[in-house]
Amino acid sequence: MKRIKTAALCALAALLALGAGAFLIYRLTRWQGLEAAVVASPAGGIPAELTFEPEGGGIRIVRFRGLFHAGELAVPSLINGKPVTSIAPGAFSDVAGLTRVRLPPGIRAIGAGAFARTPDLEEVLLPASAAPALGENLFSGSPGKLIRGR
């Protein structure tokens, strides 16, 4: 009973936070030491799966997989109560239908080719407060561009 109440309170808190740009994580799975979160955006966005792993005191996004038409995705600031701090090399590569990615302010590193061969990607939005280390060829084979200050 205590677990049910805790889960209900967490879900309620997540729903209340949606207006502030948070995401509702409605399924967590674990496979070969990695975890995956299925997230839904506050604008009634498209559910997506982000595979992640712990990295230092934060979270590293390892892979993105749109479950339906991808559209726009805002990477959550927190997963499992830890800040999302990096994007692995190739994490968003080879994804058709993904048009825009909003990164959280806590991003400190974006790996090489993170958005490579993503044919529909127009832009990756980076908050003005974020100054991540950038890997090489972020958009190789992709029309996307990095826009700072949003």
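1. Salt bridges. The model, which is predicted, holds 6 salt bridges, a salt bridge being a side-chain nitrogen of Lys or Arg within 4 Å of a carboxyl oxygen of Asp or Glu. This is a predicted model, in which local features need pLDDT of at least 70 and side-chain atom pairs count only at pLDDT 80 or more, while totals for chains, interfaces and linings use all residues. Residues are numbered from 1 along each chain as its sequence is written, and side-chain values use heavy atoms, with hydrogens and water left out.

2. Glu55 and Arg60. One of the salt bridges joins Glu55 to Arg60, with 3.4 Å between the closest N and O atoms. Glu55 is partly exposed at 30% relative accessible area, and Arg60 is partly exposed at 24%. Here buried means under 20% relative accessible area, exposed means over 50%, and partly exposed lies in between (1.4 Å probe, protein chains only).

3. Glu72 and Arg102. The closest N and O atoms of this salt bridge are 2.8 Å apart. The pair links distant parts of the chain, since Glu72 is in strand β5 (residues 71-74) and Arg102 is in strand β8, 30 residues apart. Strands (E, at least two residues) and helices (H or I, at least four) are DSSP runs numbered from the N terminus. Glu72 is partly exposed, with 35% relative accessibility; Arg102 is also partly exposed, with 34%.

4. Arg100 and Glu123. In this salt bridge the closest N and O atoms are 2.7 Å apart. Arg100 belongs to β8 and Glu123 to β10, and the two residues are 23 apart in the chain. Is each partner buried or partly exposed? Arg100 is partly exposed at 24%, whereas Glu123 is buried at 9%. Through shared partners, salt bridges join Glu72, Arg100, Arg102 and Glu123 into one network.

5. Strand pairing under the network. Two strands pair if DSSP finds at least two bridges between them. β5 and β8 run parallel and are joined by 4 bridges; within this pairing, Ala74 has Arg102 of β8 as its bridge partner. β8 and β10 also run parallel, with 3 bridges. Arg100 stands opposite Glu123 of β10, and these two residues also form a salt bridge. Val101 stands opposite Val124 of β10.

6. Strand β10. On the other pairing of this strand, 4 bridges join β10 to β12 (residues 145-148), again running parallel. Glu123 stands opposite Lys145 of β12. Which residues of β10 are buried on its two faces? Glu123 and Leu125 are buried on one side, and Val124 and Leu126 are buried on the other, so both faces are covered. In a regular strand the side chains alternate between the two faces of the sheet.

7. Nonpolar core. A nonpolar core is a set of buried Ala, Val, Leu, Ile, Met, Phe, Trp, Tyr and Cys residues joined through side-chain atoms within 4.5 Å. The largest one has 27 residues, and those touching the most other members are Ile61, Ile87, Phe92, Val101, Leu103 and Phe115. At least two core residues come from each of β3 (48-55), β4 (58-66), β7 (82-87), β8 (98-102) and β10 (123-126). β4 gives the largest share, 3 residues. In soluble globular proteins, nonpolar side chains tend to be buried together.

8. Phe115 and its surroundings. Contact means heavy atoms within 4.5 Å. Leaving out residues up to four places away in sequence, Phe115 touches Phe92, Ser93, Val101, Ile110, Leu121, Val124, Leu138, Phe139 and Ser142. Two of the names in that list, Val101 and Val124, stand opposite each other in the pairing of β8 with β10.

9. Ser142. Where does Ser142 sit? It is in the loop between β11 (133-134) and β12. Ser142 is buried, at 14% relative accessible area. A polar atom of its side chain lies 3.0 Å from the backbone oxygen of Thr118. With residues up to four places away in sequence left out, Ser142 touches Phe115, Arg117, Thr118 and Leu121.

10. The chain as a whole. The chain has 1 helix and 12 strands, and the helix precedes the strands in the pattern α-β-β-β-β-β-β-β-β-β-β-β-β. Of its 150 residues, 42% count as buried. Among contacts with a separation of 6 or more, 39% are between residues 24 or more positions apart. The exposed area is about 7900 Å², 58% of it supplied by carbon and sulfur atoms, with areas from the Shrake-Rupley method and a 1.4 Å probe; for residues, only the protein chains shown count as cover.

How values were computed:
Polar contact = N/O pair within 3.5 Å; in protein donor to acceptor, adjacent residues only side chain to side chain.
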